[in-house]
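With the model open in your viewer, follow the selections below in order, pausing at each one before moving on.

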Amino acid sequence: MKTFASVDSKLSDIIVDEPAVVTVLNRFGIRLGVGDSNIAKICDCKNIDRDFFVAIINTYLHEDYFPERIMASFGAKEIINYLRMTNVYYERFQIPNIERHFHFLISKTDDGENNLALILTFFNEVKGELLKRIADDNSRWFPEVLALEHNTDGCATDTRVEQFDEGSDTIEDKIDDLINMFIIHLKGDFDNNLAYAVLTALVNLKKDIRQNNRIRNRILRPLAAALARQSES
């Protein structure tokens, strides 16, 4: 059973227990080779807020953990900075990694009856939807929330918080569909190891997006709504 992280936890122990957490660490600029240092020491060296880091790690590690009160104590800027780092990681690493393995898998088989081309087409649709959401984050949602946070003069803003971040759950559902296609609908001749590599990458992406949707929908959206109400009062 995975233990809950604290500032006194050795980061190496957490990585050994759940290697997939490395994707989260990379967003904070933490790479493998952490030695035997605890979280407090590593955060201090990297100038990372200890409580925010621990909250993010525990959110990733435990489905039943969600520190609303802890996360709500941070401003929109801190939360958005993390979500931006997450989006960059999707664009530069996770999506290209899946694509690389997927195309290699297809190149290693001559069997046109294994449904790989069809599954790749669906993956490209999901990729397009995720990249569209990221573009919307950068051009609209995140700037509008930050504008609300910086709106200290009491002026009303032309912002529709109820429309923020629509479509988060559909991406998660579609990745589920992709995973099910690999598990249920592959047939014929294909490289089993490469297929497993793609499946593992998709499962990790699904878990990552699910955890980040919790931050987006249960922390940032309510915070944005509260800021909007404050600006209109």
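Begin with the whole chain coloured by secondary structure: read along the sequence, this predicted model follows the pattern α-α-α-α-α-α-α-α-α, with nine helices and zero strands. Keeping the full chain in view, turn it along its principal axes, where the C-alpha atoms fill a box of roughly 65 × 45 × 25 Å.

Next, select residues 39–46, which form helix H3, together with residues 50–61, which form helix H4. The two pack at an angle of about 120°, and their axes lie 9 Å apart; because angles of 65 to 115 degrees count as roughly perpendicular and those over 145 as roughly antiparallel, that value makes H3 oblique to H4. Viewed as a crossing, H3 passes H4 in a right-handed sense. To see what makes the contact, show the side chains of Ile 39, Ala 40, Cys 43 and Asp 44 on H3, and those of Arg 50, Phe 53 and Val 54 on H4. Sorted by character, the residues of this contact comprise five nonpolar and two charged, with no polar ones.

Now move to residues 76–107, helix H6. How far apart should its ends be, given 32 residues at 1.5 Å a residue? The expected span is 46 Å, and the end C-alpha atoms are 44 Å apart, which agrees. Centre the view on Tyr 90, where H6 bends by about 45°.

Then select residues 116–150, helix H7, whose 35 residues should span 51 Å at 1.5 Å a residue; the distance between its end C-alpha atoms is 48 Å, in agreement with that expectation. Follow H7 to Asp 137, on which a kink of about 55° is centred.

Finally, display H6 and H7 together. What angle do they make as they pack, and how far apart are their axes? The angle is about 165°, with the axes 11 Å apart, and since an angle over 145 degrees counts as roughly antiparallel, H6 and H7 are therefore roughly antiparallel to each other. Their crossing is left-handed, and the residues of the contact of H6 with H7 divide into 20 nonpolar, four polar and seven charged.

Conventions: Residues numbered from 1 in each chain as written. Predicted model: local features only at pLDDT ≥ 70, side-chain atom pairs only at ≥ 80, totals over all residues. Heavy atoms only, no water. Axes fitted to C-alpha atoms, helices over the stretch in contact; angles between N-to-C directions. Helix = DSSP H or I, 4+ residues; strand = E, 2+ residues; numbered from the N terminus. Parallel < 35°, antiparallel > 145°, perpendicular 65-115°, else oblique. Left-handed = near helix turned anticlockwise from the far one by under 90°. Contact = heavy atoms within 4.5 Å. Nonpolar A, V, L, I, M, F, W, Y, C, P; charged D, E, K, R; others polar. Expected span 1.5 Å × (residues − 1). Bend = angle between axes of the 7 residues up to and from the residue.
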